[in-house]
Amino acid sequence: MRRAFPYPVLAGDVNLRVEKVLADNTPLVLNLFSDVESVIALHSLKRDWKEVLINLVVRVDAQELAAGGWNNPSCLAVVRNRKTNVRLTFPLMEEETGVWRGDVELRRGEHLGRCEIDAWVVAEVGASTNRLIGRTQQRWSADFEAKQPTRQRSIKMVWKNFADHPFLMDFRDDPWMLDAEASEPVLYLNSAIDGFRAVLDGTSGAERKLVRDIMATQIASEAWTAMFNTALYSIHENEDGIAQWPGGWQEEVLRKMLPHVFPDLKPDESLAEVVSRRTSGEGGSDLHARIMHAATLASKKQKAVASTVRTLTRIENGGGSQ
């Protein structure tokens, strides 16, 4: 495994915390942003807003920062909105060694959907300025569509007759297909397959419910695999050859699954490792097995299979279903 950075970086965490959010100078209620989820829910603003001001503080280990092999460290808040292709930086003011504070401004004309808020600690390393020496492991998300401050999102599912859809026509006999090229992934279900919709939408009958549950789990597992593979090819490297988190739903998928793909590695190390395997072509079968395992955990397939087996055993023994 290669090193994530070719120069000294912070070993400790870079902690980003939102302390206050104001919409047009009116404070947002506390239960609309969450430290645990790192999400600000802004659905309540609807269209009646001009500017959102986010007050945040960034902290790193002061002793490590002072003893590192760099000079003049500083901190930037970085905002990115993939839908509008906006990327902005906001310098933060140093309060004391290892602590920076400042505001991020979100203007209505620049943002749709949601944007990501990151913190970068940069410094002079050798003869180079503005070298990235640390960043938050968990970005914040300002989500204009979220009613509650949570990252958990369901995949959009759409029933289509594949034979009548230009994108899906070549897959007309497939029961489902994931379109992971859009700004948000869409799972298409083939309404042309006789009885397919009745099985997935229906709830009556123990046997039908078993089929529905195991089929839904299989669909979810394949969707997670497809999303991971799409996210894998959205990773780019900077000029130093360092893998960069891609942002958006692709980053959310990677951060959810990579800890199961490489459980012994830190997030940035696992990102570098998966890019290294992709570009080198080595260990393809091992990586595929690891991705399948991570998709199994993400879709909760093992629980669904165990539950199905138990229920089938009860039915066969005359115990009915519960």
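In the predicted model, helix 4 (residues 248-261) and helix 5 (residues 267-280) approach each other, their axes coming within 10 Å. The axes cross at roughly 90°. The two helices are therefore roughly perpendicular to each other. Helix 4 contributes Leu 254, Arg 255 and Leu 258 to the contact. Helix 5 contributes Pro 267, Ser 270, Leu 271 and Val 274. By class, 5 of these residues are nonpolar, 1 is polar and 1 is charged.

This helix pair belongs to a protein of 322 residues. The protein holds 7 helices and 17 strands. Its C-alpha atoms fill a box of roughly 70 × 50 × 45 Å along the principal axes. Of the residues, 42% count as buried. Among contacts with a separation of 6 or more, 67% join residues 24 or more positions apart.

Confidence was examined by element. The mean pLDDT of the protein is 85. A value of 70 or more is reached by 93% of the residues. Strand 9 (residues 99-107) has the highest confidence, at a mean of 95. Helix 7 (residues 301-316) has the lowest, at a mean of 78. Where pLDDT is low, predicted coordinates should not be read in detail.

The cysteines were considered next. The structure holds 0 disulfides. For Cys 75, the closest cysteine sulfur is that of Cys 115, 17 Å away. That distance is too far for a bond, because a disulfide requires sulfur atoms within 2.5 Å. The reverse holds as well: the cysteine sulfur closest to that of Cys 115 lies in Cys 75, at 17 Å. Both residues are buried. Cys 75 has a relative accessibility of 1%, and Cys 115 has a relative accessible area of 0%.

Backbone geometry draws attention to the loop between strand 1 (15-23) and strand 2 (26-27), where Asp 24 is placed. Asn 25 is found in this loop too. Most residues other than glycine have a negative phi. Asp 24, however, has a positive phi, near 50°. Asn 25 also has a positive value, near 70°. As for accessibility, Asp 24 is partly exposed, at 34%. Asn 25 counts as exposed, with a relative accessibility of 70%.

Definitions and conventions:
Residues are numbered from 1 along each chain as its sequence is written. This is a predicted model: local features need pLDDT of at least 70, side-chain atom pairs count only at pLDDT 80 or more; totals for chains, interfaces and linings use all residues. Side-chain values use heavy atoms; hydrogens and water are left out. pLDDT is the predictor's confidence in each residue, from 0 to 100. Helices (H or I, at least four residues) and strands (E, at least two) are DSSP runs, numbered from the N terminus. Buried means under 20% relative accessible area, exposed over 50%, partly exposed in between (1.4 Å probe, protein chains only). Axes are lines fitted to C-alpha atoms, for helices over the stretch in contact, and angles run from 0 to 180 degrees between N-to-C directions. Angles under 35 degrees count as roughly parallel, over 145 as roughly antiparallel, 65 to 115 as roughly perpendicular and the rest as oblique. Contact means heavy atoms within 4.5 Å. Ala, Val, Leu, Ile, Met, Phe, Trp, Tyr, Cys and Pro count as nonpolar, Asp, Glu, Lys and Arg as charged, and the others, Gly among them, as polar.
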